[in-house]
Amino acid sequence: MFHTLFRRFALISVLLGSLLTLSGCGINNIPTLDEQVKADWAQVQNQYQRRADLIPNLVSTVKGYAAHEQETLQAVVEARAKVGSMQVDSSILNNPEQLQQFEAAQGQLSSALSRLMVVVERYPDLKANQNFLALQSQLEGTENRISVARRDFIQSVSAYNTEIRTFPGRIWHSLLYSDMPLRETYEATTSGAEEAPKVEF
């Protein structure tokens, strides 16, 4: 009886020691880094959503002063609608084509907003409107947040991809996490997409 208990205790001790040793060797790095990629992507989406939420108020304010700029206003509304119609969740990270389509739609929205801001230059009363100034400031801040969120996403993808391609992460990836692919990073999809719309007046 004592001998059996001692064997069990020894076996449990060996298993616990092995687990502690393995956890110290980076066995958990890959899923941890993968979760960071997903969290950073969620933050990119969050900032894009914040921008999309500002657009209806911005369009309404501009429309009150520049109703005959219908083509430009319509382009912004349509670009926002296209972005809003895309089904986006964390599974997009496993589909490079879908990720590229999403970023292209965001690039079109940025371009439409840039054209809208150029139109605003023709309306001094609009540029002095307090609602417009507040929306302009919020949009400017949001574009900065989008830039930071994309940078963080790029860095987390880089850390994750590096981990599964270098030692010892490569070993853990082949043994335990082979179902976790390399991640695509953010890439500018249109000319100038890496630049925020110009909102200075």
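The protein chain shown here, which is a predicted model, has a secondary structure that comes to 7 helices and 0 strands. Followed along the sequence, the protein chain accordingly reads as α-α-α-α-α-α-α.

Turning from the elements to the chain as a whole, 35% of the 201 residues of the protein chain count as buried, where buried stands for a relative accessible area under 20%. The surface that the protein chain exposes is about 12,000 Å², and carbon and sulfur atoms supply 54% of that area. Among the contacts in the protein chain with a separation of 6 or more, 80% are accounted for by residues that lie 24 or more positions apart in the sequence.

The model can also be searched for space between its parts. Rolling a probe the size of a water molecule over the atoms shows where empty space is left. The second largest pocket has a volume of about 220 Å³, and the residues that line this pocket are Q45, Y48, Q49, A52, R80, V83, G84, M86, V88, F102 and Q106.

Which helices each supply at least two residues of this lining? They are helix 2, which spans 29–65, helix 3, which spans 70–85, and helix 4, which spans 96–120. Of the contributions to the lining of the second largest pocket, that of helix 2 is the most, with 4 residues. By chemical character, the lining of the second largest pocket divides into 6 nonpolar residues, 4 polar residues and 1 charged residue; with Arg counted as charged, the charged residue in the list is R80.

Definitions and conventions: Residues are numbered from 1 along each chain as its sequence is written. This is a predicted model: local features need pLDDT of at least 70, side-chain atom pairs count only at pLDDT 80 or more; totals for chains, interfaces and linings use all residues. Side-chain values use heavy atoms; hydrogens and water are left out. On a 1 Å grid over the protein atoms alone, a cavity is a set of points where a 1.4 Å probe fits but cannot get out, and a pocket is an open set with protein on both sides within 12 Å along at least five of seven lines; lining residues have an atom within 4 Å of a point. Grid points are joined across faces, edges and corners, and a volume is the space filled by probe spheres set on the points. Buried means under 20% relative accessible area, exposed over 50%, partly exposed in between (1.4 Å probe, protein chains only). Contact means heavy atoms within 4.5 Å. Accessible areas come from the Shrake-Rupley method with a 1.4 Å probe; for residues, only the protein chains shown count as cover.
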